[in-house]
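Colleague: I have the structure open at my bench and would love to talk through some of its contacts. Could you take me through them step by step?

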Amino acid sequence: MTNDAAGPAPLAASAMTLETYRFPAHRLQRQQRDPDRTPLVLVACGSFSPITYLHLRMFEMANDYARINTSYEVVGGYLSPVSDAYKKAGLAEARHRVRMCELAAEETSSWLMVDPWEALQPDYMPTAKVLDHFEYEINHVLNGILAADGETRKPVKIMLLAGADLIGTMSTPGVWAEKDLDHILGNFGAMIVERSGTDMDEALANLKQWEDNIHVINQMIQNNVSSTKIRLFLRRDMSVQYLIPQSVIKYIDEHRLYTDDGETKAKDAKDKEKDKQRATN
């Protein structure tokens, strides 16, 4: 999508603290173009450790899907990295992940933005609350966007953008709180990009009550690049050229990230525990 920026670039997302935080809206479309459509902002929550071309490509696929198959008009897209409190193996510090997302958006896109709010939180922030944050900032603080008539304001639909693995966890009993699922899928909705290895029919069958708010996007060109695979390549000193943006590769090299990201240590700890159990049996 082309974009009429909503204003000057704010303080860089990677430079913000909780005290200096300002919601980034510099690439948010200022005015709706098609009066018959509903303005839509896509929000991708995740580790992004590191961000890959697939993460970026998801937004383009979702934009095409919205334009061709729905009555939505995409007016913005946000990457929202999780905070350090997530404590997942392979998770680089939030400041690094925010900066890598920022570099990737600057290098490859004219409309994607990075919101560091979630990454700055001292505690893990559930996805439902993150979407509430976007709803508040865009529809209450900014009062939506200017309608196509140039006179009135129009509220923006906020929607989660995610890979099929997320729907897999959502359909597994006990993984997500029922109230969070209802809030995310009932009030916001989701665009889900298919991924090999996930049985979409089975996953969607367990989410039947929200099926009207779940949009499945088929990958016409399969791309199964993942952050996990990128970290594996880096630990093995293998090239990740053309799998992640060049600016991100340079940043990783400069800061010596993922040479040993904790996953190897975690695996070693598990192996030692198994050996210990065998010895006591």
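Colleague: How do helix 2 and helix 9 run relative to each other, roughly parallel or roughly antiparallel?

Modeller: Keep in mind that this is a predicted model. In it, helix 2 (residues 94-108) packs with helix 9 (residues 246-255) at an angle of about 150°, and their axes are 8 Å apart. Angles over 145 degrees count as roughly antiparallel, so helix 2 and helix 9 are roughly antiparallel.

Colleague: Nice. What kinds of residues make up the contact of helix 2 with helix 9?

Modeller: Helix 2 brings residues including R95, R99, M100, L103 and E107. Helix 9 adds, among them, V248, Y251, I252 and H255. By type, the residues of this contact are six nonpolar, four polar and three charged.

Colleague: Turning to charges, D180 forms a salt bridge with K179. Is D180 buried or exposed?

Modeller: The closest N and O atoms of D180 and K179 are 3.5 Å apart. K179 is exposed, at a relative accessible area of 65%. For D180 the relative accessible area is 17%, and since buried means under 20%, D180 is buried.

Colleague: And which residue meets E211 in a salt bridge?

Modeller: E211 has 41% relative accessibility, so E211 counts as partly exposed. Its partner is exposed, with a relative accessible area of 53%. The two side chains meet at 3.4 Å, N to O, and the partner is K208.

Colleague: How many salt bridges does the whole structure hold?

Modeller: One of them joins R37 and D34, with the closest N and O atoms 3.5 Å apart. A search of the whole structure gives a total of seven.

How values were computed:
Residues are numbered from 1 along each chain as its sequence is written. This is a predicted model: local features need pLDDT of at least 70, side-chain atom pairs count only at pLDDT 80 or more; totals for chains, interfaces and linings use all residues. Side-chain values use heavy atoms; hydrogens and water are left out. Axes are lines fitted to C-alpha atoms, for helices over the stretch in contact, and angles run from 0 to 180 degrees between N-to-C directions. Helices (H or I, at least four residues) and strands (E, at least two) are DSSP runs, numbered from the N terminus. Angles under 35 degrees count as roughly parallel, over 145 as roughly antiparallel, 65 to 115 as roughly perpendicular and the rest as oblique. Contact means heavy atoms within 4.5 Å. Ala, Val, Leu, Ile, Met, Phe, Trp, Tyr, Cys and Pro count as nonpolar, Asp, Glu, Lys and Arg as charged, and the others, Gly among them, as polar. A salt bridge is a side-chain nitrogen of Lys or Arg within 4 Å of a carboxyl oxygen of Asp or Glu. Buried means under 20% relative accessible area, exposed over 50%, partly exposed in between (1.4 Å probe, protein chains only).
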